[in-house]
Amino acid sequence: MRNYTQYLLVLLVILFGCQAEQELKTSSPDGKLIVNFDLTPEGEAQYSVSYDGQIVIEPSGMAFDFQGEPSFASNLQVQNIQKDMFSETWEMQWGEQREVQNEYNQLSVTLKEQEAPNRTIIVHFKAYNDGLGFRYEFPEQEGLEELIIMDEHTEFNLTGDHTAWWIPGDWDIYEHLYHETPISGINATEYRDDPNLAATYIPENAVNTPVTMRTADGLHLSIHEANLTDYAGMTLKVDTENHNLKSNLVGSDRLGYKVKRSLPFVTPWRTIQISEKAAGLIDSRLIVNLNEPNKLGTIDWFKPMKYMGIWWEMHLGNSTWDYEGSQSMDSWQDNPLVSGVKHGATTENAKRYIDFAAANNITGLLVEGWYTGWDRWIGFEDREGVFDFVTEYPDYDIEEVVRYGREKGVELIMHHETSAAPRTYEQQLDTAYTLMKNLGIHSVKTGYVGKIIPKGEYHHGQWMVNHYRKVLEHAAAQEVAVNAHEPIKATGIRRTYPNAIAREGLRGQEFNAWAVDGGNPPEHLPIVAFTRMLAGPIDFTPGIFELSLEPKPDNQINTTLAQQLALYVVIYSPVQMAADLPENYAGHPAFQFIRDVGVNWEQSITLDGEVGDYVLIAREERDTGHWFVGGITDENPRDLDISFDFLPSGKAFIATIYRDGENAHYTNNPDDYVIEKRSITSEDQLTLSLAAGGGVAISLVVEE
Ligand code: NOJ
Ligand code: CA
């Protein structure tokens, strides 16, 4: 990992009691974003933010409640102010771009209670051109060894009834549909019993982050958190009347608190991304910049890849996870024993997928349902000790599959469905990862379906945050990269641990196969690009070509085929699945795009977009200089103007354009598509016509 340039300048340190207003603020390097800190007459801490002369966050409080200790809320005095400037360029080992600019001005304010117990806290603000991060530091201090946080009260006092794109503040699962409402219309508790989900817990009218908003003046804001380490995940409680969001940490009903930490410690960064244009949110690198530099060094054992899976066939109900044939997707929903459906993970089937992948520039294969236990995992109840991740079903020979794959240049991706029993999983980390090491397997897809055992813990509580981190660290030591499903939310940890390659944490493609509410609507992904995707890479699993989902007459995918191609560019992940069955790709002309499309980028540019409507992104592949463009729209057809001025001038590219046909429509004619070839230079402009639920994908290969 190279640090090209780095400078840190401590501008001034003022000791003791200086509250002069001008010192209690800092601004972004371009001067547009200003954050102010101050104390109320009661000595309560508050901050406010303005952008380009407009207030964005009105004075908003910062306080903590503890167990067995008075709250840290008032009677505070400023003890010390420190201001720093920082600038560096760091390199992403894999990512949306190679070089990342990390430049900010920092204000750190030390606060002390004027009365006993006279505790001290430091609030750090980092002002960037693309937003703001702030966090609390609890420094070492006499008489205070440990704190039990009952809640953190960080407020985001909005300036109006902004339009918001939100999912409910579920303490477990982020696999909800997004809603577009004004802040005053947020009604998260109505989504408590999602029939599609095996675990949900929505105790308040709160939202999960990132939550993205647009003000009446057209400014875009997104609130999230960065570097969630040994702390509880933050949901935001909504005050619909006063347009105020307030942190509500995920708790532990088992332990009776939210966070327990020994001093000294820091909280995660609370983040506000700000951009005039919606597109700017996607190009913001605030979340990764607020994380620590890479701790692992170069992990040359992980290479971004496209992969296939013995996976979609189970979600369609064509085959089962378990050997006896009882664990198909249908059995998950109604629990009847399904007969006559065959086991998916057989040696023979794996070889069939490997042959297909190898012939089509795809270098990974995920195999689910290869180890024993699936037959006992019915109704999600009997879960502790069910899976062991090393014992094959009799029709699967993992060594032979690994050997065969290696011969053909396809590496196996391990699967560990923990069934949300993390204690069982932790006991198995040694054996399960030793098997991977011995077999030379360098990536694993983990899963946490169901309610967490022990009861009273939630996927986003501190206890689980620490579990997910433990797995990531254990995996890194064994040279394994992790793609977690039902994960902890992404907070930019991939900068520190580049083996955190991707995660789910949204309603993925699988919902289209089995959701009882008609699958993901066409606006889903044009919202996801501006919300969930700001947090980090997404294992969405694109590329379904058989969109009517033949074996499932009540389900279909609400996009056109061209949009499925566009998703390889629009939805970023260093591991991209070609999710459909080999037989649906074989001989299909549009499959050429999946063969060609890159997975690791030199740079990415969001060309255009509006939250929930459409988005158009261009990415340059690392090492080849080829470019790929993806555009998607919601249920409305639209024309997108594209200027190719992002291409290097003086070079010609052969463009292959995969676009919606004239009569394409996501409801009844999704397969209508056209492939065109032409020469393109940086001087060219085109109008791209996208159908309802449609998309466009373009590969631009440098002309020899
Ligand atoms: C849910 C995951 O999201 C899905 O991809 C996986 O196939 C099932 N769990 C089984 O582990
Ligand atoms: Ca899932």
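**A guided reading of the predicted model**

Proline 117 sits in the loop that runs between strand S7 (99-113) and strand S8 (120-128). The model in which this loop appears is a predicted one. The peptide bond leading from alanine 116 into proline 117 is cis, and its omega is near 10°. A second cis peptide bond joins threonine 209 to proline 210, with omega about 0°. Proline 210 also belongs to a loop, in this case the one between strand S13 (206-207) and strand S14 (211-214).

Other loops contain unusual backbone angles of another kind. Asparagine 75 is not a glycine, yet its phi is positive, at about 65°. This asparagine lies in the loop between strand S5 (54-66) and strand S6 (76-91). With a relative accessible area of 28%, asparagine 75 is partly exposed. Asparagine 361 likewise has a positive phi, near 65°, in a residue other than glycine. Its place is the loop between helix H5 (347-358) and strand S24 (364-367). Asparagine 361 has a relative accessibility of 48% and therefore counts as partly exposed, since that class covers values between 20% and 50%.

Helix H5, which precedes the loop of asparagine 361, leads to the packing of helices. The axes of H5 and helix H6 (residues 398-408) come within 10 Å and cross at roughly 15°. The two helices are therefore roughly parallel to each other, because angles under 35 degrees are placed in that class. Their crossing is right-handed. On the H5 side the contact involves Thr347, Ala350, Lys351, Ile354, Asp355 and Ala358, which meet Glu400, Val401, Tyr404, Gly405 and Lys408 of H6. Sorted by class, this contact of H5 with H6 has five nonpolar, two polar and four charged residues.

A second pair of helices can be read in the same manner. Helix H7 (residues 422-439) and helix H8 (residues 462-477) have axes that come within 10 Å and cross at roughly 10°. That angle makes H7 roughly parallel to H8. H7 passes H8 in a right-handed crossing. From H7, the contact is made by Pro422, Arg423, Tyr425, Glu426, Leu429, Asp430, Tyr433 and Lys437, and from H8 by Trp463, Met464, His467, Lys470, Val471, His474, Ala475 and Ala477. The contact of H7 with H8 has nine nonpolar, two polar and five charged residues.

The next feature is a metal site. Which residues supply the protein donors of the calcium ion (ligand 2)? They are Glu175, Glu486, Glu504 and Glu510, each through OE atoms; Glu175 and Glu504 are each listed twice, and the donors lie 2.3 to 3.1 Å from the ion. Along the chain, the donors follow the spacing E-x310-E-x17-E-x5-E. Two of them illustrate how the site links distant parts of the chain: glutamate 486 is in the loop between strand S27 (481-484) and strand S28 (500-503), whereas glutamate 510, 24 residues apart from it, is in helix H9 (residues 510-514). Both glutamate 486 and glutamate 510 are buried.

Burial can also be followed along a whole helix. Helix H11 (residues 561-570) is mostly covered, for 10 of its 10 residues are buried. Among these buried residues are Leu561, Ala562, Leu565 and Tyr568. Glutamine 564 is also placed in H11. Its relative accessibility is 1%, and so it counts as buried, the limit for that class being under 20%. Setting aside residues up to four places away in sequence, glutamine 564 touches Gln509, Pro542, Gly543, Ile544, Leu547, Ile557 and Thr559. Glutamine 564 and aspartate 300 are 264 residues apart in sequence, and their C-alpha atoms are 30 Å apart in space.

A last residue brings the reader back to the strands named at the start. Glutamate 96 is located in the loop between S6 and S7. Is glutamate 96 buried or exposed? It is buried, with a relative accessible area of 6%. Apart from its neighbours within four places in sequence, glutamate 96 is in contact with Arg285, Arg494, Tyr572, Trp601, Glu602, Gln603, Ser604 and Arg619. Glutamate 96 and glutamate 621 are 525 residues apart in sequence, while the distance between them in space is 9.4 Å, C-alpha to C-alpha.

Definitions and conventions: Residues numbered from 1 in each chain as written. Chains lettered and ligands numbered in written order. Predicted model: local features only at pLDDT ≥ 70, side-chain atom pairs only at ≥ 80, totals over all residues. Heavy atoms only, no water. Donors = N, O, S within 2.8 Å, 3.2 Å for Na, K, Ca; no water. Helix = DSSP H or I, 4+ residues; strand = E, 2+ residues; numbered from the N terminus. Buried < 20%, exposed > 50% of the residue type's maximum accessible area, 1.4 Å probe, protein only. Axes fitted to C-alpha atoms, helices over the stretch in contact; angles between N-to-C directions. Parallel < 35°, antiparallel > 145°, perpendicular 65-115°, else oblique. Left-handed = near helix turned anticlockwise from the far one by under 90°. Contact = heavy atoms within 4.5 Å. Nonpolar A, V, L, I, M, F, W, Y, C, P; charged D, E, K, R; others polar.
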